[in-house]
Amino acid sequence: MRDLLKLFIPAAAASLVLAACGSSSNKTSSSAQTTGSSGVTVRTASSPLGTILVDAQGMTLYHLSAEQGGKFICTTTACTGIWHPLAITAGSAPSGAVGSLGTITRPDGTTQVTYNGAPLYTFAQDSKAGETGGQGIKDVGTWSVVTTRPATSTGSTQTTETSSGKGGSAY
């Protein structure tokens, strides 16, 4: 019986995560947490997955494979309650010794930090710095830990992107 509980609890938690992300509600969220006017710091950390990006508190940063070219998928309260957009005060720039940081405007008007054009998120179920519990979760795309790779821009360590946030929303 005890072994069954050890299997049931993680399975139930994963089911709740997937159910929330699979919601077809069209509500948008304003639950992105915005940092102060000095911006948000993105840095690197060592992980079994390699060199990963983390926020100022050391929490692992993720991206969703389906969010490309200014298209946002994670826009509902159900999604942003689990996957927290790494937001910044409009008009400020993200900081850190990580190249290719930028920003993009979310459909709800908040400004989200990007890395190589991919919007960055933290995972609610990562409770300690460096945890990577969201790695590989699949719903309308695959959530992946952001690892460092060579910058694609020439000579610039920061790029700023803007988007109206228009595009499909499966959340």
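## A buried cysteine and its partner

Cys74 is buried, because its relative accessible area is 0% and the cut-off for buried is under 20%. This value, like the others here, comes from a predicted model. Cys79 is also at 0% relative accessibility, so Cys79 counts as buried.

These two residues are bonded. Cys74 and Cys79 form a disulfide, with their sulfur atoms 1.9 Å apart. A search of the whole structure finds 1 disulfide. Which hand does the disulfide of Cys74 and Cys79 have? The torsion about the S-S bond is about -110°, so the disulfide is left-handed.

## The nonpolar cores

Cys74 belongs to the largest nonpolar core, which has 16 residues. Cys74 is among the residues with the most contacts inside this core. The others named with it are Tyr62, Trp83, Tyr121, Phe123 and Trp143. Four strands each supply at least two residues of this core: β3 (50-54), β4 (62-64), β9 (121-123) and β10 (143-145).

Another core lies apart from it. This other core has 12 residues. Among them are Val40, Leu53, Val98 and Val146.

## Aromatic rings

The structure holds 5 aromatic pairs. One of them joins Tyr62 and Phe123. Their ring centres are 6.1 Å apart and their planes are at 70°, so the pair is edge-to-face. The pair links distant parts of the chain. Tyr62 sits in strand β4 and Phe123 in strand β9, 61 residues apart. Tyr62 is buried, with a relative accessible area of 0%. Phe123 is at 4% relative accessibility, so Phe123 counts as buried too.

Trp83 and Trp143 make another pair. Here the ring centres are 3.9 Å apart and the planes are at 5°, so the pair is stacked. Trp83 lies in strand β5 and Trp143 in strand β10, so this pair ties together parts that are 60 residues apart in sequence. Trp83 counts as buried because its relative accessibility is 0%. Trp143 counts as buried at 0% as well. Which residues form one aromatic cluster? They are Tyr62, Trp83, Tyr121, Phe123 and Trp143.

## Asp55 in its loop

Asp55 lies in the loop between β3 and β4. Is Asp55 buried or exposed? Asp55 is buried, because its relative accessible area is 7% and buried means under 20%.

What does Asp55 touch, leaving out residues up to four places away in sequence? Asp55 touches Thr41, Arg43, Leu61, Leu86 and Thr122. A polar atom of the Asp55 side chain lies 3.0 Å from the backbone nitrogen of Gln57. Asp55 and Gly130 are 75 residues apart along the chain, and their C-alpha atoms are separated by 9.9 Å.

## Two positive phi angles

Ser100 is not a glycine, although it has a positive phi of about 60°. Where is Ser100? Ser100 lies in the loop between β5 (83-88) and β6 (101-105). Ser100 is buried, with a relative accessible area of 2%.

Asn116 is not a glycine either, and its phi is positive at about 50°. Asn116 has its place in the loop between β7 (111-115) and β8 (118-119).

Terms used: Residues are numbered from 1 along each chain as its sequence is written. This is a predicted model: local features need pLDDT of at least 70, side-chain atom pairs count only at pLDDT 80 or more; totals for chains, interfaces and linings use all residues. Side-chain values use heavy atoms; hydrogens and water are left out. A nonpolar core is a set of buried Ala, Val, Leu, Ile, Met, Phe, Trp, Tyr and Cys residues joined through side-chain atoms within 4.5 Å. Buried means under 20% relative accessible area, exposed over 50%, partly exposed in between (1.4 Å probe, protein chains only). A disulfide is a pair of cysteine sulfur atoms within 2.5 Å. Rings of Phe, Tyr and Trp (its six-membered ring) pair if their centres lie within 6.5 Å; planes under 30 degrees apart count as stacked, over 60 as edge-to-face and the rest as tilted. Contact means heavy atoms within 4.5 Å. A polar contact is a pair of N or O atoms within 3.5 Å; within protein, one must be able to donate a hydrogen and the other to accept it, and residues adjacent in sequence count only if both atoms are side-chain atoms.
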